Amino acid sequence: MEFTLSAHASTTIRERRIQLDWIEATLSAPMQTEVDTDDPQLTHVLRVIPEFGDRVLRVIYNRTKQPPHVVTAFFDRGMKGKL
């Protein structure tokens with residue numbers, strides 16, 4: 001799946017050791033999808049990443065852009081064990 005990264009996302013995924021294939025897998029086959037409560041153009045997708053201790057990756061992207069534009073990505077501590 002093709003996607004673009006914001007400058008913020010590029011920096012944070014490098015700092016947080018998030019692999020691009022994990023972002024792609026989360027965008028392609030999320031385990032949970034949520035609409036952003038503040039910005040209806042943004043969508044949150046979540047997926048368990050077994051290779052990273054079964055932590056839950058949250059990817060937030062702008063769904064109105066093609067290809068999808070990833071705003072940020074992080075491991076959501078509050079979601080561990082909930083998916």
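Modeller: A residue counts as buried under 20% relative accessible area and as exposed over 50%, with partly exposed in between. The model above is predicted, and we can read it with these cut-offs.

Colleague: Is Asp54 buried, exposed or partly exposed?

Modeller: Asp54 has a relative accessible area of 43%. That value falls in between the two cut-offs, so Asp54 is partly exposed. Asp54 sits in the loop that leads from strand 3 (42-49) to strand 4.

Colleague: What is phi of Asp54 near?

Modeller: Phi of Asp54 is near 60 degrees, which is positive although the residue is not glycine. Arg17 also belongs here, with a positive phi of about 60 degrees, and it is not a glycine either. Arg17 is part of the loop between helix 1 and helix 2 (20-28). Its relative accessible area is 59%, and Arg17 is therefore exposed.

Colleague: Let me step back to the whole chain. How many helices and strands are there in the protein chain?

Modeller: The protein chain has two helices and five strands. Followed along the sequence, they come in the pattern β-α-α-β-β-β-β.

Colleague: What is the order of the strands in the open sheet?

Modeller: The five strands are arranged as 1-5-4-3-2, and the pairing is mixed. Strand 1 and strand 2 (32-35) are at the edges; each has a single partner strand, so one side of each has no neighbour in the sheet.

Colleague: Which way do strand 1 and strand 5 run, parallel or antiparallel?

Modeller: Strand 1 and strand 5 run parallel, and two bridges join them. In one bridge, Thr4 has His69 of strand 5 as its partner.

Colleague: In what sense do strand 4 and strand 5 pair?

Modeller: Strand 4 and strand 5 are antiparallel to each other, with six bridges between them. Val59 is bridged to Ala73 in strand 5, and Asn62 stands opposite His69 of strand 5. His69 thus turns up twice, as the partner of Thr4 and across from Asn62.

Colleague: What joins strand 4 to strand 5?

Modeller: A hairpin of six residues makes the connection. Pro67 is in this loop, between strand 4 (55-62) and strand 5 (69-75). The peptide bond from Gln66 to Pro67 is cis, and its omega is near 0 degrees.

Colleague: Now the helices. Which strands does helix 1 lie across?

Modeller: Helix 1 lies across strand 1 and strand 5, at about 25 degrees to strand 5. Between strand 1 (4-5) and helix 1 (7-15) is a loop that holds Ser6.

Colleague: Is Ser6 buried or exposed?

Modeller: The relative accessible area of Ser6 is 14%. This is under the 20% cut-off, so Ser6 is buried. Its side chain reaches the backbone oxygen of Val71 at 2.9 Å. Leaving aside residues up to four places away in sequence, Ser6 touches His69, Val70 and Val71.

Colleague: Which residues in helix 2 are buried?

Modeller: Trp22, Ile23, Thr26 and Leu27 are the buried residues in helix 2. Viewed down the axis of helix 2, the buried residues fall within an arc of 135 degrees, so they line one face of the helix. Their cover includes helix 1, strand 3, strand 4 and strand 5.

Colleague: Which residues does Phe75 touch?

Modeller: Phe75, found in strand 5, touches Arg16, Ile18, Trp22, Ile49, Phe52, Arg55, Val56 and Leu57, with residues up to four places away in sequence not counted. Phe75 has a relative accessible area of 10% and is therefore buried. From Phe75 to Arg16 is 59 residues in sequence, but 8.3 Å in space, C-alpha to C-alpha.

Colleague: What part of the contacts in the protein chain join residues at least 24 apart?

Modeller: Among contacts between residues at least 6 apart in sequence, the share is 42%. Buried residues account for 40% of the 83 residues.

Colleague: What radius of gyration would a compact globule with 83 residues have?

Modeller: A compact globule with 83 residues would have a radius of gyration near 12 Å; the protein chain has 12 Å, so the two agree. The C-alpha trace spans about 30 × 25 × 20 Å along its principal axes.

Key:
Residues are numbered from 1 along each chain as its sequence is written. This is a predicted model: local features need pLDDT of at least 70, side-chain atom pairs count only at pLDDT 80 or more; totals for chains, interfaces and linings use all residues. Side-chain values use heavy atoms; hydrogens and water are left out. Helices (H or I, at least four residues) and strands (E, at least two) are DSSP runs, numbered from the N terminus. Buried means under 20% relative accessible area, exposed over 50%, partly exposed in between (1.4 Å probe, protein chains only). A polar contact is a pair of N or O atoms within 3.5 Å; within protein, one must be able to donate a hydrogen and the other to accept it, and residues adjacent in sequence count only if both atoms are side-chain atoms. Contact means heavy atoms within 4.5 Å. Two strands pair if DSSP finds at least two bridges between them. Axes are lines fitted to C-alpha atoms, for helices over the stretch in contact, and angles run from 0 to 180 degrees between N-to-C directions. The arc is that of the directions from the helix axis to the C-beta atoms. The radius of gyration is taken over C-alpha atoms; the globule rule is 2.2 Å times the number of residues to the power 0.38.
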